Every structure is written in structure tokens, then in C-alpha cells.
Amino acid sequence: MKNLFLQYKPFFLFLIKFFVLYVVLTVGYKLYLNQFDTTGFEVDCFTQMVAEQSETVLVFLGKEAKTEPNAFEPCVNLIYNGKFVARIIEGCNALSVMILFAAFVFAFSGKWLKTFSYILLGCVLIHVLNVLRIAFLAMALYSYPDYEHILHGVIFPLFIYAVVFILWVLWVQKFSGYAADTPKK
């Protein structure tokens, strides 16, 4: 058993580091969410901020947009050109994607400052792209409401996850502690 562990030590260390940080961040996120009264339809601050920033992007693009609290569930309604187009719920804020991203990068961590910087910059990029995703999704849903399932369920999530995957690949190949260990051709 000891030989097996030693043989696959890098893999086991990756798994341990990934799951430890993932669990810690997920528990912290759940504790953050527990501060808000969802039975009273209260929306967490980060989701509210994402909704307002999405509105700001639309207005910056010269579109008529506004956000308003939903009276029946804990979410923010996004109104585009006078028409309700989307509910922005807690899952739309991309924090769970950022947690997954951070745990993976940490699991392949190199030097602490480089790792922390990459996680921070990656999370900022994910946040900005998520806000843009919501704004563009609102415009698409306004023009093509019959394609809601494919727009909301496939195309726009695929975009965010593709960016996260590219960031992971860049981290492993160029910046992580493992990048220096790979032989150059």
C-alpha cells in the first residue's frame, strides 16, 4: 500500500489539495449564503451586484435595461427594453465556478504568490465574463425567446466553462509548479 501511495503521490496530493480547498470554500460560501433570508426573498449581495453590473453593461451599450427585486422568489428580475427577460438567481453569480477554478489551480499550486495572483486574476476574469454573459444573454433572450433552452442551458454556460478550462490548461502548462518539471522539446 505504501508503494502504491509513493508511486501515485502527485496524484493523491492533487486530490487532497483540491478537495480540501473545494470543501473549505464551499462551506464558506454556504455560510455566506445562510446570512440571507431566502424565505423573505432576500438576494445575497454578490448576486445583487452581478445583476446591477449586468444592467450597467446593457445601459453602457445604449440599451434600455433595469433590475428590480422579484416579489415571489429570492432573485433579481432583469428587464430589457421594457420586457422581463431573465431572473438572476444565486447560481448566476458564478461564485461556484470561481470556487471550482480556485480549487483546481490550488491543487496544482506553484509558488504561493503566483498561485494566489493567478486565482485572483482568474476569478476577476470569470466575474467580468459572467457579467457580460448575462448582458448578452438578456439581449439574445429578448430577440430569440424560443431559443431560451439552448441559449441559457448550452451556449452561454459553454462559453464560461471553456474559458475556465483554458485558464486551467494555461496554469498547468505555463505557470504551475508542474510546468517547470515538464521537459522542453
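Why is strand β2 (residues 76–80) largely enclosed by the rest of the structure? Strand β2 is enclosed because 5 of its 5 residues are buried, where buried means under 20% relative accessible area with a 1.4 Å probe, counting protein chains only.

This is a predicted model, in which local features need pLDDT of at least 70, side-chain atom pairs count only at pLDDT 80 or more, and totals for chains, interfaces and linings use all residues. Residues are numbered from 1 along each chain as its sequence is written, and side-chain values use heavy atoms, leaving out hydrogens and water.

**View 1. Welcome to the whole protein, with its 6 helices and 3 strands.** Helices (H or I, at least four residues) and strands (E, at least two) are DSSP runs, numbered from the N terminus. Follow the sequence and you meet the pattern α-α-α-β-β-β-α-α-α. The C-alpha trace spans about 65 × 40 × 30 Å along its principal axes. Of the 185 residues, 39% are buried.

**View 2. Here is the open sheet of 3 strands, in the order β1-β2-β3 with antiparallel pairing.** The edge strands β1 and β3 each pair on one side only. From one strand to the next, the twist averages 30 degrees; angles run from 0 to 180 degrees between N-to-C directions, and axes are lines fitted to C-alpha atoms, for helices over the stretch in contact. Two strands count as paired if DSSP finds at least two bridges between them. As background, strands of a sheet pair through backbone hydrogen bonds, either parallel or antiparallel.

**View 3. Now look at the hairpin of β1 and β2, with 6 residues between the strands.** Strand β1 (residues 65–69) pairs with β2 in the antiparallel sense over 5 bridges. One pair to find is Pro69 with its bridge partner in β2, Val76.

**View 4. Next comes the hairpin of β2 and β3, with 2 residues between the strands.** Asn81 takes a positive phi near 50 degrees in this hairpin. Strand β3 (residues 83–88) runs antiparallel to β2, and 5 bridges join them. Asn77 has Arg87 as its bridge partner in β3, while Ile79 stands opposite Phe84.

**View 5. Finally, see the two sides of β2 and a helix across the sheet strands.** Val76, Leu78 and Tyr80 point one way from β2, Asn77 and Ile79 point the other way, and all are buried. Helix α3 (residues 45–60) lies across β1, β2 and β3, and this helix runs at about 160 degrees to β1. Contact here means heavy atoms within 4.5 Å.

Conventions:
Buried means under 20% relative accessible area, exposed over 50%, partly exposed in between (1.4 Å probe, protein chains only).
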